[in-house]
Amino acid sequence: MIGHGHKLKIINHPAIRDHKGIIHYNANRYICKDCKKTAFERNPFSFDGFNSSLFLIQNAMKLLGNLNYNLKMISDELNISTTQLCKYLDSYVTIPKRQLPECLGIDEIHNNYLSRRNSSYLCIIVDNVNRHIYDVLDSRNKQHLSLYFSSIPREERCRVKYVTIDMWESYKDVVNTYFPNATIAVDPFHVVSHLTKGFERLRVDLMKQCEYGSNAYYLLKKWHWLLEKDNVYLDNDRVYNSRFKMKLNRRDILHMILDTFPVLAQAYSLKEEYREFNRKSTYDEACDRFPKIAKSFKNSGIRQYDEFTAILFNWQEEILNSFLRPYDERKLSNSFTENINGKIRTYLAVSRGINNFQRFRKRVIFALSPDVFYALTSSLQSEKRSGKKRGTYNKTRD
């Protein structure tokens with residue numbers, strides 16, 4: 001082949017941040033002396049037929065791996081269309097088949113647009129040992145979870161030792177069916193959350209029974225945080241309180257609240273006892289103390305604690321399993337799953353609406369799993385959802 005001129009190609013190359021960069025590239029063209037076919041030399045800046053440089057594509061993939069950026073932010077920074085970004089994500093990221101982790105965490109996140117029509121929740125599955133996301137499902141209902149886990153070989157499912165869940169009955173049923181060797185542990189944060197909600201209901205109910213503007217109403221309205229916050233320093237210097245016309249510190253006010261409302265004092269004592277038990281007990285200590293604590297809640301007769309008391313008796317085994325510490329002296333919990341959920345919620349918030357679940361799943365796993373990478377190729381594809389064809393219309397002009 002011999003030289004046959006050249007052709008000017010314009011390639012986007014934003015080498016300087018917030019500035020549009022362009023490469024004007026004179027591509028050499030060659031011709032075959034025998035068959036007269038022409039061909040261009042290999043493009044050193046990008047794939048053949050692309051008007052974006054490899055540098056730009058790599059920057060786009062790095063930004064796609066950060067869920068704090070939505071597609072519009074990346075598009076504005078790199079000066080390419082969101083459609084092109086979606087093609088890069090669809091083409092260059094492939095989620096490989098990975099083995100189930102030894103310790104699974106299962107939780108959900110609410111979203112009406114990405115979930116299936118019969119479900120308002122996405123199901124998030126994480127690896128609690130290696131601390132990365134495993135998969136995202138578009139429903140948390142029992143049938144969908146059963147179909148998903150039944151497609152995984154039994155030998156692989158039998159290697160799962162622990163599964164952490166919240167108190168959604170379907171999770172428990174599915175784990176018992178498909179993970180015969182797994183120990184189920186209920187996330188202790190969810191248990192304590194039900195306890196604090198019951199205590200808050202009691203405080204609000206008592207406050208509503210008080211006369212508006214009375215001292216009792218004032219104590220429950222203004223100083224309720226003394227009953228709820230952790231590590232409050234109570235022995236501060238006494239300061240003058242204009243309502244009671246005396247100097248008081250936080251401990252004095254706390255005692256006033258508990259003395260005024262004996263049932264609240266009883267509920268407060270039970271709440272703090274369980275929280276101390278949850279925070280400090282080992283597995284053996286928890287097994288010894290749990291029956292007595294559960295009985296105390298049942299015998300208290302506090303109506304606002306009925307739901308929490310039912311949880312203690314219905315989920316006793318799973319709650320006690322959360323006190324096991326098989327990895328780095330950490331209790332079994334969904335703390336990492338909640339961390340992942342927070343990042344996903346941030347992504348959903350900055351994106352202002354996403355309705356392509358497959359693309360959403362791919363980006364979330366790519367961004368939050370260190371074992372999922374991208375690979376650049378010269379072929380592009382799109383996972384755009386097929387929808388109704390656009391109808392005919394009459395264009396009007398002003």
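The following exchange concerns salt bridges and nonpolar cores in a predicted model.

Trainee: On what basis are the residues and values reported?

Mentor: Residues are numbered from 1 along each chain as its sequence is written, and side-chain values use heavy atoms, with hydrogens and water left out. As the model is predicted, local features need pLDDT of at least 70 and side-chain atom pairs count only at pLDDT 80 or more, whereas totals for chains, interfaces and linings use all residues.

Trainee: How many salt bridges does the structure hold?

Mentor: Side chains of opposite charge can pair when their charged atoms come close. The criterion here is a side-chain nitrogen of Lys or Arg within 4 Å of a carboxyl oxygen of Asp or Glu. The number of salt bridges in the structure is 20.

Trainee: What separates lysine 72 and aspartate 76 along helix 2?

Mentor: Their side chains meet in a salt bridge, at 2.8 Å from N to O. Helices (H or I, at least four residues) and strands (E, at least two) are DSSP runs, numbered from the N terminus. Because lysine 72 and aspartate 76 are four residues apart in helix 2 (residues 71-78), their separation is about one helical turn.

Trainee: Is lysine 362, the partner of glutamate 383, buried or exposed?

Mentor: The closest N and O atoms of glutamate 383 and lysine 362 are 3.0 Å apart in their salt bridge. Glutamate 383 lies in the segment after helix 16 (357-368) and lysine 362 in helix 16, so the pair ties together parts 21 residues apart in sequence. Buried means under 20% relative accessible area, exposed over 50%, and partly exposed in between (1.4 Å probe, protein chains only). Glutamate 383, at 28%, is partly exposed, while lysine 362, at 8%, is buried.

Trainee: Which helix gives the most to the largest nonpolar core?

Mentor: A nonpolar core is a set of buried Ala, Val, Leu, Ile, Met, Phe, Trp, Tyr and Cys residues joined through side-chain atoms within 4.5 Å. The largest has 67 residues, and those with the most contacts inside it include Phe149, Ile257 and Phe297. With seven residues, the helix that gives the most to this core is helix 7 (residues 188-209).

Trainee: Which residues does isoleucine 257 touch, not counting those up to four places away in sequence?

Mentor: Isoleucine 257 is among the residues with the most contacts inside the largest core. Contact means heavy atoms within 4.5 Å. With residues up to four places away in sequence left out, isoleucine 257 touches Leu219, Leu220, Trp223, Leu227 and Leu264.
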